[in-house]
Amino acid sequence: MRYVTLLIISMLTVQLSFSQINEIGVFVGGSNFIGDVGATDYISPNQAAFGGIYKWNRSARHSYRVSVIFSELEGIDANSDDPRRQQRGYSFNTNIFEVSAGMEFTFLNYNLHNRKPVATPYLYTGISLASHDNNYFNNGVLTSENTKSWAYGIPMALGFKMRFIENFILGIEVGARYTLSDEIDGSIPDSEFRDTFQFGNINNNDWYVFSGITLTYTFGENPCYCVN
């Protein structure tokens with residue numbers, strides 16, 4: 001009986017070590033906004049961001065990926081390098097909930113089905129959908145419309161990931177989101193006040209950036225991938 005138990009444990013250990021097609025874990029970091037209100041620094045986290053992430057490693061070079069991230073976007077004109085914005089003195093904040101799905105491409109062979117060290121830079125892109133509060137500025141005062149809207153976007157992320165310990169993967173990532181909306185910062189109201197209170201560059205849509213780390217746990221198997 002002892003030998004049977006040891007054999008089962010050994011088989012489970014091998015299964016966990018060589019069958020790692022799925023990844024599930026967390027994202028922790030910060031966010032910053034780029035638009036008509038606040039600073040325009042590309043990577044300058046000023047609010048916390050956190051969420052969950054799932055990846056299906058379809059091959060050693062690409063993965064399908066889904067994530068959900070919660071954060072608060074903030075823009076403060078006083079923190080801008082633009083003297084005109086500093087003089088204007090606007091500020092806004094909005095809660096944001098983002099769902100993103102797409103594909104992750106690795107620069108190097110990312111084969112988790114062996115015990116060798118694994119590390120690679122990667123790119124991620126796809127589509128995103130972000131819920132945000134609707135606001136507008138009335139004589140410089142941020143005014144809530146008491147409604148929410150969804151902003152479609154295109155995520156563009158660059159990261160680096162490596163096997164941390166056994167079945168855990170640690171990554172660092174910076175991901176910009178180009179949205180198809182100019183309403184996140186309140187520069188264009190989502191209501192009948194649109195023509196009255198809109199301001200800023202109406203030809204440039206809003207951006208926001210998530211910067212942080214990911215920690216995922218790998219599990220599962222794909223027979224076709226295992227023999228690559």
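## A buried lysine and its partner

K55 counts as buried, because its relative accessibility is 2% and the cut-off for buried is under 20%. This value, like the others below, comes from a predicted model.

What is the distance between the closest N and O atoms of E104 and K55? They are 3.1 Å apart, and the two residues form a salt bridge. K55 belongs to strand β2 (residues 47-56) and E104 to strand β4 (residues 91-106), so this pair, 49 residues apart, links distant parts of the chain. E104 is also buried, since its relative accessibility is 0%, again under 20%.

## A second bridge from E104

The carboxyl side chain of E104 also meets the side chain of K161 in a salt bridge, with 2.5 Å from N to O. E104 is in strand β4 and K161 in strand β6, so the bridge ties together parts that are 57 residues apart in sequence. Is K161 buried or exposed? K161 counts as buried, because its relative accessibility is 1%.

## A bridge at helix α3

E183 and R194 form another salt bridge, and their closest N and O atoms are 2.6 Å apart. E183 sits in the loop between β7 and α3 (194-197), while R194 is in helix α3. The two residues are 11 apart, and the pair is one that links distant parts of the chain.

The two partners fall into separate accessibility classes. E183 is buried, because its relative accessible area is 12% and the limit is under 20%. R194 has a relative accessible area of 31%, so R194 is partly exposed.

## The network and the total

Which residues are joined into one network by salt bridges that share partners? They are K55, R65, E104, K161 and E173. E104 shows how such sharing works, since E104 forms a salt bridge with K55 and another with K161. In total, the count comes to 9 salt bridges.

## The cavity

How many cavities of 30 Å³ or more are counted? The count is 1. About 40 Å³ of space lies in the largest cavity. Its lining is made up of F27, I53, R65, S67, I69, E173 and R177. These residues divide into 3 nonpolar, 1 polar and 3 charged. Two names in the lining, R65 and E173, also appear in the salt-bridge network.

Strands β3 (62-76) and β7 (168-179) each supply at least two residues of this lining. The largest share, 3 residues, comes from β3.

## The strands around β7

β7 pairs with strand β6 (residues 141-165) through 12 bridges, and the two strands run antiparallel. In this pairing I165 stands opposite F168 in β7. The hairpin of β6 and β7 has 2 residues between the strands, and E166 in this hairpin takes a positive phi near 45 degrees.

β7 is also joined to strand β8 (residues 207-219), by 11 bridges, and these strands are antiparallel as well. Which residue in β8 stands opposite R177? The residue is Y208. R177 is also one of the residues that line the largest cavity, and K161, in strand β6, is one end of a salt bridge to E104 in strand β4.

Terms used. Residues are numbered from 1 along each chain as its sequence is written. This is a predicted model: local features need pLDDT of at least 70, side-chain atom pairs count only at pLDDT 80 or more; totals for chains, interfaces and linings use all residues. Side-chain values use heavy atoms; hydrogens and water are left out. On a 1 Å grid over the protein atoms alone, a cavity is a set of points where a 1.4 Å probe fits but cannot get out, and a pocket is an open set with protein on both sides within 12 Å along at least five of seven lines; lining residues have an atom within 4 Å of a point. Grid points are joined across faces, edges and corners, and a volume is the space filled by probe spheres set on the points. Helices (H or I, at least four residues) and strands (E, at least two) are DSSP runs, numbered from the N terminus. Ala, Val, Leu, Ile, Met, Phe, Trp, Tyr, Cys and Pro count as nonpolar, Asp, Glu, Lys and Arg as charged, and the others, Gly among them, as polar. Two strands pair if DSSP finds at least two bridges between them. A salt bridge is a side-chain nitrogen of Lys or Arg within 4 Å of a carboxyl oxygen of Asp or Glu. Buried means under 20% relative accessible area, exposed over 50%, partly exposed in between (1.4 Å probe, protein chains only).
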